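Biologist: Please take a close look at one part of this model and at what surrounds it. I would like one connected account, with the cut-offs stated as you go.

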Amino acid sequence: MRFAAKPFNASDNACKVIRFLTPNLYELREIARHFGYKEPIANTLVENFSHLDELLGEVRKLGTFVGAHIDNVIVTLGYYGVVIVRRACEHTPFFDSRGAYQRQPGDELQVRFYPGRKLDFIVNVSGAGDSFSSGFISAMLEGRMEPVCVEVGFEAACCALGSKGAVADLYFDRSHACWDKEAGARFIAVE
């Protein structure tokens with residue numbers, strides 16, 4: 001996790017060109033420290049939070065702090081799900097019809113939590129976060145709205161979780177139902 005802030009250490013211009021981050025909680029903590037977060041940061045493991053609201057509270061604080069520097073912060077939280085921090089509603093596409101990134105500089109930061117799926121059978125957790133990010137990015141580049149991007153990401157993560165290796169042998173194509181399904185979000189108030 002200590003390498004999470006490395007791109008920002010390498011160049012002062014990184015914040016000007018990096019538009020998306022997909023850290024887990026531990027990486028988010030390291031990135032927040034790099035940007036000068038002043039409050040104490042817990043070292044609690046994701047699975048050791050006593051209440052989901054406590055976990056989401058920490059992610060909200062750190063995510064909005066990092067979101068002041070990076071447009072889109074997509075925090076993976078293992079089986080709990082994903083938190084997205086961005087300056088747009090969930091139905092604003094990330095890219096316009098020409099494929100150009102749509103920055104929402106004047107809009108207020110919004111924080112949304114998408115609960116993860118309950119799985120009965122997990123073979124391996126290695127690569128699930130990266131698979132989620134790959135699915136999310138694929139849908140995002142196809143012009144899908146945030147909830148569909150999350151759903152495609154979840155499906156890709158499920159493929160990795162059911163695989164012996166970090167990368168699944170088989171994922172899915174664009175005919176899969178996840179490309180048309182919207183994951184449900186819960187808003188987390190920004191204080």
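Modeller: Arg 103 is partly exposed, with a relative accessible area of 46%; the class covers the range between buried (under 20% relative accessible area) and exposed (over 50%), calculated with a 1.4 Å probe on protein chains only. The model is a predicted one, in which local features need pLDDT of at least 70 and side-chain atom pairs count only at pLDDT 80 or more, while totals for chains, interfaces and linings use all residues. Residues are numbered from 1 along each chain as its sequence is written, and side-chain values use heavy atoms, with hydrogens and water left out.

Arg 103 sits in the loop that runs between strand 3 (81-86) and strand 4 (110-115); helices (H or I, at least four residues) and strands (E, at least two) are DSSP runs numbered from the N terminus. Beyond its neighbours within four places in sequence, Arg 103 has contacts with Arg 19 and Asp 71, where contact means heavy atoms within 4.5 Å. Ala 139 is 36 residues from Arg 103 in sequence, and their C-alpha atoms are 18 Å apart.

Asp 71 also belongs to the lining of the largest cavity, where it is listed with Asn 72, Arg 87, Tyr 101 and Gln 104 as lying nearest the centre; ten residues line that cavity. Searching the whole structure gives one cavity of 30 Å³ or more, and the volume of the largest is about 70 Å³. On a 1 Å grid over the protein atoms alone, a cavity is a set of points where a 1.4 Å probe fits but cannot get out, whereas a pocket is an open set with protein on both sides within 12 Å along at least five of seven lines; lining residues have an atom within 4 Å of a point. Points are joined across faces, edges and corners, and the volume is the space filled by probe spheres set on them. The cavity lining consists of three nonpolar, three polar and four charged residues, with Ala, Val, Leu, Ile, Met, Phe, Trp, Tyr, Cys and Pro taken as nonpolar, Asp, Glu, Lys and Arg as charged, and the others, Gly among them, as polar.

The aromatic residues come next. The whole structure holds nine aromatic pairs; rings of Phe, Tyr and Trp (its six-membered ring) pair if their centres lie within 6.5 Å, and planes under 30 degrees apart are stacked, over 60 edge-to-face, the rest tilted. Phe 94 and Phe 136 make an edge-to-face pair, 5.7 Å centre to centre and with 70 degrees between the planes. This pair joins distant parts of the chain, 42 residues apart: Phe 94 is in the loop between strand 3 and strand 4, and Phe 136 is in helix 5 (residues 128-141). Phe 94 is buried, at 1% relative accessible area, and Phe 136 is buried at 2%. Phe 95 and Tyr 101 also form an edge-to-face pair, because their ring centres are 6.0 Å apart and their planes are at 70 degrees. Phe 95 is buried at 17% relative accessibility, whereas Tyr 101 is partly exposed at 24%. Ring pairs connect Phe 20, Phe 94, Phe 95, Tyr 101, Phe 132, Phe 136 and Phe 154 in a cluster. Over the face of Phe 94 lies Arg 86, 3.9 Å from the ring centre; a charge sits over a ring if NZ of Lys or CZ of Arg is within 6 Å of the ring centre and within 35 degrees of the ring normal.

Phe 132, a member of the cluster, is in contact with Thr 76, as are Pro 23, Asn 24, Leu 25, Gly 81 and Val 82, leaving aside residues within four places of Thr 76 in sequence. Thr 76 lies in strand 2 (residues 72-76) and is buried, with a relative accessible area of 14%.

Phe 20, another cluster member, helps line the second largest pocket, along with residues including Phe 3, Ile 18, Pro 23 and Ile 31. That pocket has a volume of about 170 Å³, and its lining divides into eight nonpolar residues, one polar and one charged.

The largest pocket holds about 760 Å³ of space. It is lined by 30 residues, with Leu 77, Gly 78, Tyr 79, Ala 128 and Gly 129 closest to its centre. Helix 5, the element that carries Phe 136, gives the largest share of this lining, five residues. By type, the lining has 16 nonpolar, ten polar and four charged residues.
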